[in-house]
Amino acid sequence: MPSATQPFDPDQDLKDAPRTGGRMRPRDAATLILTRGSGDRLEVLMGRRAAGHVFMAGKWVFPGGRVDRSDGRAASATDPVGETRARLEAEIGPYRARALMLAAVRETFEETGLRLARAAHLQSVAGPWREFRAGGALPDLAAMTYVARAITPPGRSRRFDARFFRADASALMGDDPRPMADELEDVAWLRADDALTRDLAAITRFVLNAALEDRSDGLPFIRQVHGRHRIERL
């Protein structure tokens, strides 16, 4: 089991994504950490980014990406529930909260072929959700738990205001992943301890630990303030 006390490494974070000096506002993004099993047999779904990418080339990451305009209007089988719903809606309101969660589900499907969903009638829709819905599925937002937030520091080639969610594989329609997009060269279920031996970005390593630890003292929020990384608790 990963150590829940491992601190965030700001020096490694800078090596992962060096400063470019450009000005860029962070964009809303969402990531889904899928797990299966428990204890020493706990596994996490991760993918290895292609070596040619500008951002985090060759790193092992969780599926996720930017919020699309269509995400806020997409249908779902269930709504967010409990503490996850309360925290997100207090931060950003119901519409944006739902859009982030749906983005995490959509990006996971686009990158790995896995649907966090419940069975539904086949329906033809336009836009990024077409293939997801054509598989007879509607997103299961009730299966998702909010675990962390991070904002990419200024001056990087990409900047995201990212929310990280966790869900158990039991909520998936099938659990056999495969690379579906150019972004990932490989996708696999990794033992949690094995995942920490892979080439991970500092933020990925920190969030993996955060997703598996006791969150009674609040969710971690990582950002840079006056040139220094700060870890707060939401």
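**Entry 1: Thr 31**

Which strand holds Thr 31? I looked it up in the predicted model. Thr 31 lies in strand β1, residues 27-36. I then checked its accessibility. Thr 31 has 11% relative accessibility, so I count Thr 31 as buried, the cut-off being under 20%.

Next I listed its contacts, leaving out residues up to four places away in sequence. Thr 31 touches Phe 62, Pro 63 and Gly 64. Thr 31 also touches Ala 104, Arg 163, Phe 164 and Phe 165.

**Entry 2: the whole chain**

I stepped back to the totals. The protein has six helices and 11 strands. Of its 234 residues, 52% are buried. I also looked at contact range. I took the contacts between residues at least 6 apart in sequence, and 69% of them join residues at least 24 apart.

**Entry 3: α2 against α3**

How do the axes of α2 and α3 cross? I took helix α2 as residues 82-92 and helix α3 as residues 94-112. Their axes come within 7 Å and cross at roughly 120°. That angle lies outside the 65 to 115 degree range for roughly perpendicular and is not over 145, so α2 and α3 are oblique to each other. I noted the hand as well: α2 passes α3 in a right-handed crossing.

I wrote down who makes the contact. From α2 come Thr 84, Leu 88, Glu 89 and Ile 92. From α3 come Pro 94, Arg 96, Ala 97, Leu 100 and Met 101. I sorted these residues by type: six are nonpolar, one is polar and two are charged.

**Entry 4: aromatic rings**

How many aromatic pairs does the structure hold? I find three. I opened the pair of Phe 109 and Phe 132. Their ring centres are 5.3 Å apart, with 85° between the planes. This pair is edge-to-face. The pair links distant parts of the chain, 23 residues apart. Phe 109 sits in helix α3, and Phe 132 in helix α4, residues 130-134. Both residues are buried.

I then took Trp 129 with Phe 132. The centres are 5.1 Å apart and the planes stand at 75°, so this pair is edge-to-face too. Trp 129 and Phe 132 are both buried. Ring pairs join Phe 109, Trp 129 and Phe 132 into a cluster.

**Entry 5: Thr 112**

I stayed with helix α3, where Thr 112 also has its place. Is Thr 112 buried or exposed? Its relative accessible area is 1%, so Thr 112 is buried. I looked up a partner far along the chain. Thr 112 and Asp 176 are 64 residues apart in sequence, yet their C-alpha atoms are 8.7 Å apart in space.

For contacts I left aside neighbours within four places in sequence. Thr 112 is in contact with Leu 45, Pro 63, Pro 177, Arg 178, Met 180 and Val 187. Pro 63 was already on my list for Thr 31.

**Entry 6: Leu 42 and Arg 191**

I went to the loop between β1 and β2 (43-49), where Leu 42 lies. Leu 42 is buried, with a relative accessible area of 5%. From Leu 42 to Leu 190 I count 148 residues in sequence and 8.4 Å in space, C-alpha to C-alpha.

I moved on to Arg 191, in strand β9, residues 184-191. At 37% relative accessibility, Arg 191 counts as partly exposed. The C-alpha atoms of Arg 191 and Arg 36 are separated by 9.4 Å, with their positions 155 residues apart along the chain. Which residues does Arg 191 touch, not counting those up to four places away in sequence? I list Asp 40, Arg 41, Leu 42 and Glu 43.

**Entry 7: Phe 221**

I found Phe 221 in strand β10, residues 220-225. At 6% relative accessibility, Phe 221 counts as buried. The C-alpha atoms of Phe 221 and Arg 233 are separated by 5.9 Å, and the two residues are 12 apart along the chain. Leaving aside neighbours within four places, I get contacts of Phe 221 with Arg 149, Ala 150 and Ile 151. Arg 230, Ile 231, Glu 232 and Leu 234 are also in contact with Phe 221.

**Entry 8: helix α6**

I ended on helix α6, residues 202-212. α6 is mostly covered, with 10 of its 11 residues buried. Among the buried ones I noted Ile 203, Phe 206, Val 207 and Leu 208. Thr 204 and Asn 209 are buried as well.

Definitions and conventions
Residues are numbered from 1 along each chain as its sequence is written. This is a predicted model: local features need pLDDT of at least 70, side-chain atom pairs count only at pLDDT 80 or more; totals for chains, interfaces and linings use all residues. Side-chain values use heavy atoms; hydrogens and water are left out. Axes are lines fitted to C-alpha atoms, for helices over the stretch in contact, and angles run from 0 to 180 degrees between N-to-C directions. Helices (H or I, at least four residues) and strands (E, at least two) are DSSP runs, numbered from the N terminus. Angles under 35 degrees count as roughly parallel, over 145 as roughly antiparallel, 65 to 115 as roughly perpendicular and the rest as oblique. A crossing is left-handed if the near helix is turned anticlockwise from the far one by less than a right angle, and right-handed if clockwise. Contact means heavy atoms within 4.5 Å. Ala, Val, Leu, Ile, Met, Phe, Trp, Tyr, Cys and Pro count as nonpolar, Asp, Glu, Lys and Arg as charged, and the others, Gly among them, as polar. Rings of Phe, Tyr and Trp (its six-membered ring) pair if their centres lie within 6.5 Å; planes under 30 degrees apart count as stacked, over 60 as edge-to-face and the rest as tilted. Buried means under 20% relative accessible area, exposed over 50%, partly exposed in between (1.4 Å probe, protein chains only).
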